[in-house]
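Grab your viewer and work through these exercises with me. Each one sets a task, then walks through the solution.

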Amino acid sequence: MSTENEGTAVPPAPSAPPVPVDAPPPSAPEAPAGGAPTAPLPPVPSSAPGAQEQELVHAGQGPGSGHASAGSQDPQGPGAPQGPGSGAPQGQAPDASWPPPPPATPSYSDPGSGGGHSGGSDSGGSGAGWGTTYQQAAPKSGRGGLVAAILVAALVAGGLGGGLGYTLAKNNDSSGSTTVSASDSGGSVKRDPGTVANVAAKSLPSTVTIQAESTNGQGGTGTGFVFDTQGHIVTNNHVVADAVDGGKLTATFPNGKKYDAEVVGHAQGYDVAVIKLKNAPSDLKPLTLGDSDKVAVGDSTIAIGAPFGLSNTVTTGIISAKDRPVASSDGTGSNASYMSALQTDASINPGNSGGPLLDASGNVIGINSAIQSTGSGGLGGSSQSGSIGLGFAIPINQAKYVAQQLIKTGKPVYAKIGASVSLQDSSNGAKITEQGAGGSDAVEAGGPAAKAGLKPGDVITKLDDHVIDSGPTLIGEIWTHKPGDRVTITYERDGKTHTVQLTLGSRTGDS
């Protein structure tokens with residue numbers, strides 16, 4: 001770090017004149033019996049030279065880049081004090097004009113010049129302060145004796161202190177050494193379990209930065225984490241979407257080791273994908289999976305990812321909300337994904353996608369998937385808007401189930417009620433449409449909804465205890481369950497509220 005005044009040496013202010021050793025006594029008449037007054041010592045300067053304020057320059061600048069107005073003055077020029085022995089010859093009293101005047105005062109040390117300025121013009125100030133020339137009166141009768149007495153007393157005190165110090169050190173040092181040295185280390189740094197640094201140190205080696213590239217050279221960067229010791233990596237579907245059909249996929253660990261990878265399976269609706277490392281190392285350490293159902297609002301969160309390509313980035317926050325309905329796209333024009341997400345204010349940006357959201361103990365509680373920003377509704381789009389503190393993660397309980405299905409069969413399995421609902425924004429509930437996609441029936445014949453007595457026009461307002469305010473919210477909530485789960489549906493028909501139970505069906509694949 002450079003400073004503005006660096007390199008400008010300032011000579012020290014002179015102290016009291018030394019007492020000549022072999023000088024004959026002064027020839028002045030003897031002092032009166034009452035004791036003659038001695039000449040007063042010159043006042044000690046209020047601030048030591050060299051202690052002038054130093055103004056910092058920008059850290060990016062190299063030494064000497066800042067202008068130092070006093071840098072051209074020669075500290076060894078005429079009038080600079082010389083070392084001991086360069087004054088009067090030995091055996092002679094110093095000249096009465098001792099000490100010589102100090103060197104010319106640089107302008108930055110003049111109180112009137114404003115202290116450590118940056119690049120201002122030099123102007124000598126007329127105010128008193130350090131550097132102002134002063135003349136010491138010639139010593140009168142009795143001066144030498146007084147100074148000598150003070151000197152002797154100081155020597156006696158110094159000798160006494162040194163003797164005591166030596167004696168104490170000798171008595172307390174069984175090894176006979178009297179040298180006491182300070183520690184050259186600040187001591188070991190211990191990071192307790194549960195601290196962000198400890199969690200990051202243990203989790204980072206099990207995360208990867210994913211580069212996905214399509215056959216035409218397009219692609220992007222995302223994140224993933226080690227799921228098992230066989231080399232499976234869990235990430236988002238939209239991270240690997242470009243490499244699904246013959247593209248190139250690589251995964252790089254924080255230690256710099258890079259592996260080619262292939263897509264094992266991907267689920268557009270869940271926005272979950274599993275890739276597998278080729279020639280996976282044998283020392284993989286899967287991250288511990290937590291229980292996202294037990295997460296509470298206010299719990300601490302730690303996100304790991306590669307925001308804007310900055311690999312191995314760690315950010316922190318809290319769980320801001322649970323069961324947040326989120327719909328996003330992978331940016332390729334394919335089907336949207338729906339999730340009942342964990343909301344966090346941990347900083348999440350493009351490139352964090354697919355990375356783990358951890359709790360304070362380092363357990364994975366979610367997969368970072370989407371953000372709300374002023375320019376884009378999710379990470380899958382082409383916008384590069386940054387985080388505004390609204391990030392969304394797929395609950396790990398759901399992602400774990402999906403990942404296991406992808407590893408087992410290569411295809412996702414979705415829970416369903418067997419009814420088509422409107423995807424338009426609404427605050428009243430999820431309305432079953434009059435007709436399904438492609439002209440099919442809105443209520444699947446023989447499906448769960450049909451068996452429960454649901455009809456087109458019914459508005460579903462609750463699934464178990466979760467309020468349903470729109471079609472996407474219903475889909476996201478259904479997909480937090482597994483096929484075969486039994487749920488309670490609350491719906492409205494003709495102004496009346498009804499409640500039924502049904503067993504969720506299943507659908508395989510994204511088509």
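## Exercise 1: Thr 473 and its helix

Leaving out residues up to four places away in sequence, Thr 473 touches Pro 325, Val 467 and Ile 468, where a contact means heavy atoms within 4.5 Å. Before going on, some housekeeping: this is a predicted model, so local features need pLDDT of at least 70 and side-chain atom pairs count only at pLDDT 80 or more, while totals for chains, interfaces and linings use all residues. Residues are numbered from 1 along each chain as its sequence is written, and side-chain values use heavy atoms, with hydrogens and water left out.

**Task.** Work out where Thr 473 is found, and whether Thr 473 counts as buried or exposed.

**Solution.**

Step 1. Find the element: Thr 473 is in helix H6, residues 471-478. Helices (H or I, at least four residues) and strands (E, at least two) are DSSP runs, numbered from the N terminus.

Step 2. Check the cover. Thr 473 counts as buried because its relative accessibility is 10%; buried means under 20% relative accessible area, exposed over 50%, and partly exposed in between (1.4 Å probe, protein chains only).

Step 3. Look at the rest of the helix. Eight of the eight residues of H6 are buried, including Gly 471, Pro 472, Leu 474 and Glu 477.

Step 4. See what covers them. The buried residues of H6 pack against strands E8 (313-328), E9 (337-344), E13 (413-416), E14 (430-431), E15 (459-463) and E16 (466-467).

## Exercise 2: Two spots in strand E8, one in a loop

**Task.** Start from Pro 325: which residues does Pro 325 touch, not counting residues up to four places away in sequence? Then look at phi for Asp 323 and Phe 308.

**Solution.**

Step 1. Pro 325 has its place in strand E8. Its contacts beyond four places in sequence are Met 339 and Thr 473.

Step 2. With a relative accessible area of 38%, Pro 325 is partly exposed.

Step 3. Try a distance: Pro 325 and Phe 392 are 67 residues apart in sequence, yet 9.5 Å apart in space, C-alpha to C-alpha.

Step 4. Stay in strand E8 for Asp 323. This residue isn't a glycine, but its phi is positive, about 55°. Asp 323 counts as partly exposed, because its relative accessibility is 38%.

Step 5. Now go to the loop between E7 and E8, where Phe 308 sits. Phe 308 has a phi near 55°, a positive value in a residue other than glycine. At 44% relative accessibility, Phe 308 counts as partly exposed.

## Exercise 3: The nonpolar cores

**Task.** How many residues does the largest nonpolar core have, and which helix gives the most to this core?

**Solution.**

Step 1. Apply the rule: a nonpolar core is a set of buried Ala, Val, Leu, Ile, Met, Phe, Trp, Tyr and Cys residues joined through side-chain atoms within 4.5 Å.

Step 2. The largest such core has 54 residues, and Val 234, Tyr 270, Leu 474 and Ile 478 are among those with the most contacts inside it. Helix H4 (residues 396-409) gives the most to this core, with six residues.

Step 3. Apart from that core lies another of 17 residues, among them Val 239, Phe 253, Ala 261 and Ala 273.

Step 4. Zoom in on Val 234: contacts beyond four places in sequence include Phe 225, Val 272, Ile 367 and Ala 403.

## Exercise 4: The second largest cavity

**Task.** Which residues line the second largest cavity, and which strand gives the most to the lining?

**Solution.**

Step 1. Set the rule. On a 1 Å grid over the protein atoms alone, a cavity is a set of points where a 1.4 Å probe fits but cannot get out, and lining residues have an atom within 4 Å of a point. Grid points are joined across faces, edges and corners, and a volume is the space filled by probe spheres set on the points.

Step 2. The count comes to two cavities of 30 Å³ or more; the second largest holds about 30 Å³ of space.

Step 3. Its lining is Thr 207, Val 208, Thr 209, Thr 223, Ile 304, Gly 305, Ala 306 and Asn 312.

Step 4. Strands E1 (207-213) and E7 (300-305) each supply at least two lining residues, and E1 gives the most, with three.

Technical notes
1 Å grid on protein atoms, 1.4 Å probe; cavity = no way out; pocket = protein on both sides within 12 Å on 5 of 7 lines; lining within 4 Å.
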